[in-house]
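Here are some short exercises to work through with the model open in your viewer. Try each task before reading its solution.

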Amino acid sequence: SSGPSRWSHCRKRGIDGSLRSHSDEDGDDGHSDSRNSSFTTPESAAPVSRCGRQSDWGSQVEDEEMRQDVHRDMQRSLFEGCHYYLLFVDVICPLFRYRRRILGSEVNQRERKTSSGSSGSCDSREGENMETDEAVLMRRQKQISYGKNTLAYDRYIKEVPKHMRQPGVHPKTPNKFRKYSRRSWDQQIKLWRVKLHAWDPPAGCSQEHTLSDNIEELDLDDIVDIELDFPSLAESQNAPSSLVVHSSAA
Amino acid sequence: MENCSEDYRIQSFDVDTQKLLKTALKDPSSVNLEKVSNILVDQSLKDSLFSKEAGRICYTIVQAEAKQNNGTVFRRHLLNRLQQEFKEREETRKRSLQGWVSYVTFICNIFDYLKVNNMPMVALVLPVYDCLMRLAQPDALLNEEEVDCLVLQLHRIGEQLEKVNSQRMDELFFLLRDGFLLQEGLTSMARLLLLEVLEFRAGGWMLSSTAHKYYYSEIAD
């Protein structure tokens, strides 16, 4: 295979899905290493034939699995969007109480803002403004998974715990449930990937890679952080500054 | 998880292969999973007894790999091998009836064990139906081996298959009725098997107790 690109050593898994060792001997798929991985937003995790959809059973089953995961995420996201969730987390975890306070004030803010018609701040909590097109969600999820399937991401989430993350400074995973144009979304993904590269392991170093949790699943923190993602609030002067703990999802 | 090798019937393999398989069950990322999947598929195509429960060891390896590192390498290789063999099934059938029957047994067993979020794998549904339809063709019904395989699979996975695609199940049973009624040269055992499976499905994928008595009781001489 041709020489590895600058970024190939940062990818945790090879093209065929198997975990890479730090000394990358994954030479059977020539394509993986010559690609400039940071600026590609591939439709799938493996080389796709020009005919489009993969017809091999292995890929079909993986797609099926991802589709189900996306649907599950969507249901959770919709569920979490309703106010009952706030009561729920309040009861099970006192840590969330401060988030509830923020969300409480945000709800009031949002209601006042309904007439502003700002197209940028789509509220993913409202079912109507959510992206629900399965094909779009699948594509976006693949792009996100591709970015999370990197050593950089693993190092980032270990190094910067959620409550320490500052908006603008630390990369934040784009929210696939929000409505964005294709261009806008692809741009966000690119910027996110570029920011993540700051956590790339130094080239040529040998390191024991320990896996983080299931990166495909949306964990509870991510869901709550999606709730908190109100860019209008972050920029607005009305935001109670002491309470804007913008613990962004990575 | 302690699983004795007897559960997976790996005694038919040589010692080194048994060791490899045991390692694959415990520590999948440390072995060549493509090689392991080929070993299991090859054996299933040869050994009809093995193919009957080969799904179980495959399932365990899939789970182990998913748990260990979220990997799907083994599953992917397994499925693509299955697909390859599926494409060549007609040649396989011509070459070796036993090999063909073993293949069908194996793919049905995989369908049974390997689920995605507790649902059958959509990618396998039509191929499984294609295999069963092939077994219901007139030339196949003449072979008791094939009829036996067909009814066995319907007993094991018929209900699940019908849930995911009832239309094709209807089509299959049209063939079975025709075969039972019209096919010349069927052995009486073949006809008995077909009649039983017709009743089995008609009874909602179970036999009434009287029917069970008819088909499965010992007959006093």
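Contact here means heavy atoms within 4.5 Å. Keep in mind that this is a predicted model.

**Exercise 1. Describe the extent of the contact between chain B and chain A**.

Solution. Begin by counting residues: chain B contributes 24 residues and chain A contributes 20 residues. Next, turn to area: the two chains bury about 1,800 Å² between them, and 52% of that is on carbon and sulfur atoms. Then look for the main contributors on chain B: B:Arg76, B:Gln83 and B:Ala123 provide 28% of the area that chain B buries against chain A, more than any other three residues.

**Exercise 2. Find the polar links across the interface of chain B and chain A, then see which elements of chain B form its side**.

Solution. Start with charges: the rule finds two salt bridges across this interface. One of them joins the side chains of B:Arg76 and A:Glu62, at 3.1 Å from N to O. Widening the search to polar contacts gives nine residue pairs, with both residues at pLDDT 80 or more. Now assign the side of chain B that touches chain A to its elements: α3 (48–69), α4 (73–87), α6 (97–113), β2 (119–120) and α7 (122–135) of chain B each supply at least two residues. The biggest share comes from α4(B), with eight residues. Sorted by class, this side of chain B holds 14 nonpolar, eight polar and two charged residues.

**Exercise 3. Classify the ring pair A:Trp57 and B:Phe86, and decide whether it lies within one chain or joins two**.

Solution. A search of the whole structure gives eight aromatic pairs over all chains. For A:Trp57 and B:Phe86, the ring centres are 5.6 Å apart and the planes are at 50°, so the pair is tilted. A:Trp57 sits in helix α2 (residues 57–80) of chain A and B:Phe86 in helix α4 of chain B, so this pair joins two chains. As for accessibility, both A:Trp57 and B:Phe86 are buried.

**Exercise 4. How are the rings of A:Tyr180 and A:Trp185 arranged****?**

Solution. Their centres are 6.2 Å apart and their planes meet at 35°, so this pair is tilted. Then check each partner against the cut-off, where buried means under 20% relative accessible area. A:Tyr180 has 22% and is partly exposed, whereas A:Trp185, at 0%, is buried.

**Exercise 5. Which aromatic cluster includes B:Phe200****?**

Solution. Locate B:Phe200 in chain B, then add its partners: B:Phe173, B:Phe200 and B:Trp205 form one aromatic cluster.

Conventions. Residues numbered from 1 in each chain as written. Chains lettered and ligands numbered in written order. Predicted model: local features only at pLDDT ≥ 70, side-chain atom pairs only at ≥ 80, totals over all residues. Heavy atoms only, no water. Buried area = accessible area lost by both parts, 1.4 Å probe. Salt bridge = Lys/Arg side-chain N within 4 Å of Asp/Glu carboxyl O. Polar contact = N/O pair within 3.5 Å; in protein donor to acceptor, adjacent residues only side chain to side chain. Helix = DSSP H or I, 4+ residues; strand = E, 2+ residues; numbered from the N terminus. Nonpolar A, V, L, I, M, F, W, Y, C, P; charged D, E, K, R; others polar. Phe/Tyr/Trp six-rings, centres within 6.5 Å; stacked < 30°, edge-to-face > 60°. Buried < 20%, exposed > 50% of the residue type's maximum accessible area, 1.4 Å probe, protein only.
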